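Dear colleague,

Please find below the structure that I am handing over to you, followed by an account of what was found in it. I would be grateful if you kept the structure in view while reading.

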Amino acid sequence: TYGFGNHPPEAPKVWWSPKYPEPFEIFNLTFNSVDPDGDDVRFHIDWGDGGTDITGWIKSGINKTLSHIAGSKGTYYINITASDGDGMSEVTTVKIIVGKSKAVTGNILLLRILEKFPLLQRLLDVLRDNVV
């Protein structure tokens with residue numbers, strides 16, 4: 001049971017798309033936070049690339065989406081907090097990897113499988129050589 005006074009919002013819940021943006025691609029960051037007192041909240045976003053944003057006031061628990069241009073290839077840590085005007089939530093940090101090619105990741109996995117199962121590699125070679 002809560003006592004009297006203000007209670008800060010919960011740490012923001014965050015998700016983004018695409019999961020692995022390409023360098024300088026626009027990606028969407030969606031987040032929300034619930035304030036135990038039902039107060040409206042606003043979000044403070046540190047994009048990890050020198051940019052920051054502060055949203056307007058949003059009803060507690062409602063999703064907000066911002067678009068951002070990914071930086072150059074690398075790993076970025078985005079920090080997001082929610083505020084109800086009287087208190088600040090804990091920080092939620094998300095790790096965004098820019099330029100992590102899905103095709104390269106899939107190829108590396110296939111190569112590791114083939115290294116562990118050399119007979120499978122031979123079978124694939126035979127099939128490839130006999131396909132008309």
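F43, in strand β3, stands opposite A82 in β6. These two strands, β3 and β6, run antiparallel and are joined by five bridges. A further contact between them is made by H44, whose bridge partner in β6 is T81. Please note that all of this is read from a predicted model.

H44 also has a partner on another strand, as it stands opposite I54 in β4. The pairing of β3 with β4 is antiparallel as well and comprises three bridges. Strand β3 covers residues 42-46, and β4 covers residues 52-54. The two form a hairpin with five residues between the strands, and within this hairpin G48 takes a positive phi near 80°.

Which residues of β3 belong to its covered face, and which to its uncovered one? F43 and I45 make up the covered face, whereas R42, H44 and D46 make up the uncovered one. As a general matter, side chains in a regular strand alternate between the two faces of the sheet.

Strand β6 (74-83) pairs not only with β3 but also with β7, in the antiparallel sense and over seven bridges. One position in this pairing may serve as a landmark: the bridge partner of Y77 in β7 is K95.

As to the chain overall, it has two helices and seven strands. From the N terminus on, the order of the elements is β-β-β-β-β-β-β-α-α. The chain has 132 residues, of which 29% count as buried.

A separate group of strands deserves its own description. Three strands form an open sheet in the order β1-β2-β5, with antiparallel pairing. Its edge strands, each pairing on one side only, are β1 (13-17) and β5 (64-69). On average, neighbouring strands of this sheet are turned by 25° against each other, direction ignored. Strand β2 spans residues 26-32 and is joined to β1 by five bridges, the two running antiparallel. Within this pair, W15 stands opposite T30 in β2.

The loop between β1 and β2 holds two features of the backbone. P18 lies in this loop, and a cis peptide bond joins S17 and P18, with omega at about -5°. F24 is found in the loop too. Its phi is near 65°, a positive value in a residue other than glycine. For context, most residues other than glycine have a negative phi, and most peptide bonds are trans. Is F24 buried or exposed? F24 is exposed, because its relative accessible area of 57% lies above the 50% cut-off.

I turn next to the aromatic residues. The count of aromatic pairs comes to two. In one of them, F27 and W47, the ring centres are 6.1 Å apart and the planes stand at 80°, so the pair is edge-to-face. F27 lies in strand β2 and W47 in the loop between β3 and β4, so the pair ties together parts that are 20 residues apart in sequence. Both F27 and W47 are buried.

F27 and W47 also appear in the lining of the largest cavity. How many cavities of 30 Å³ or more are there? The count comes to one, and the volume of the largest cavity is about 50 Å³. Besides F27 and W47, the lining includes D49, H68, I69, A70, G71, Y76, I78, I96 and V98. The elements that give two or more residues to this lining are β5, β6 and β7 (92-98). By type, the lining residues divide into eight nonpolar, two polar and one charged.

In summary, I would suggest the following points as a guide to a first reading:

- the pairings of β3 with β6 and with β4, in both of which H44 has a partner;
- the open sheet β1-β2-β5;
- the cis peptide bond between S17 and P18, together with the positive phi of F24;
- the edge-to-face pair of F27 and W47, whose two residues also line the largest cavity.

With kind regards

Note on methods: Residues are numbered from 1 along each chain as its sequence is written. This is a predicted model: local features need pLDDT of at least 70, side-chain atom pairs count only at pLDDT 80 or more; totals for chains, interfaces and linings use all residues. Side-chain values use heavy atoms; hydrogens and water are left out. Two strands pair if DSSP finds at least two bridges between them. Helices (H or I, at least four residues) and strands (E, at least two) are DSSP runs, numbered from the N terminus. Axes are lines fitted to C-alpha atoms, for helices over the stretch in contact, and angles run from 0 to 180 degrees between N-to-C directions. On a 1 Å grid over the protein atoms alone, a cavity is a set of points where a 1.4 Å probe fits but cannot get out, and a pocket is an open set with protein on both sides within 12 Å along at least five of seven lines; lining residues have an atom within 4 Å of a point. Grid points are joined across faces, edges and corners, and a volume is the space filled by probe spheres set on the points. Ala, Val, Leu, Ile, Met, Phe, Trp, Tyr, Cys and Pro count as nonpolar, Asp, Glu, Lys and Arg as charged, and the others, Gly among them, as polar. Rings of Phe, Tyr and Trp (its six-membered ring) pair if their centres lie within 6.5 Å; planes under 30 degrees apart count as stacked, over 60 as edge-to-face and the rest as tilted. Buried means under 20% relative accessible area, exposed over 50%, partly exposed in between (1.4 Å probe, protein chains only).
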